[in-house]
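Colleague: Please give me a close look at one part of this model. Stay with a strand, its pairing and its surroundings.

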Amino acid sequence: MRVRVAAGAGLRTSPWVDLTAREARAARGRLVARHAELTELEALLVTVSSAQHGSREEQLAQRYLCRVATQRLAGLPLGGPVVQVQARLTQERSDPPPWQRPRPGARGARQVVLKTTAWLRVRPADRVVKGQRW
């Protein structure tokens, strides 16, 4: 996830923040990690990227993604109010097991697949974290 924050008269873009790694580290200390917390962002990104462009489903998923992103980024020193967010899903596809025939046209080496959303505008209501605006 990366964000654009209001900085003076323009916008400043942050570097990519690996929210999945942060959440995995936080879950390691808990006795029972909630699976839903760990997979929520991935499910949202899949929904956003697979929904029909301009559909109500896409719009709702984008709004929810903005809210989840701003809540999970709360507390990080971003240098100003978040104006836009962009998410990226990285998936690694590996070789099939030896007993399975490869699909025609499939590559033999590992592949990294990136899915990146467009920049999504963060609305004031998206910045509410547990009843407080940030």
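**Strand β3 and its partners**

Modeller: Strand β1 (residues 2-7) pairs with β3 in the antiparallel sense, over four bridges. Strands here are DSSP runs (E, at least two residues), numbered from the N terminus. Two strands pair if DSSP finds at least two bridges between them. This is a predicted model, so local features need pLDDT of at least 70 and side-chain atom pairs pLDDT 80 or more, while totals for chains, interfaces and linings use all residues. Residues are numbered from 1 along each chain as its sequence is written, and side-chain values use heavy atoms, without hydrogens or water.

Within the β1 pairing, V3 faces V85 of β3. V85 also stands opposite L120 in β6. That second partner, strand β6 (residues 120-121), is antiparallel to β3 and joined to it by two bridges.

Strand β3 covers residues 82-86. Four of its five residues are buried (under 20% relative accessible area, with over 50% exposed and the range between partly exposed; 1.4 Å probe, protein chains only).

Now the rings. R4 lies over the face of W119, 3.9 Å from the ring centre. A charge sits over a ring if NZ of Lys or CZ of Arg is within 6 Å of the ring centre and within 35 degrees of the ring normal. There is also R88: its charged end sits over the ring of W16, at 4.0 Å from the centre.
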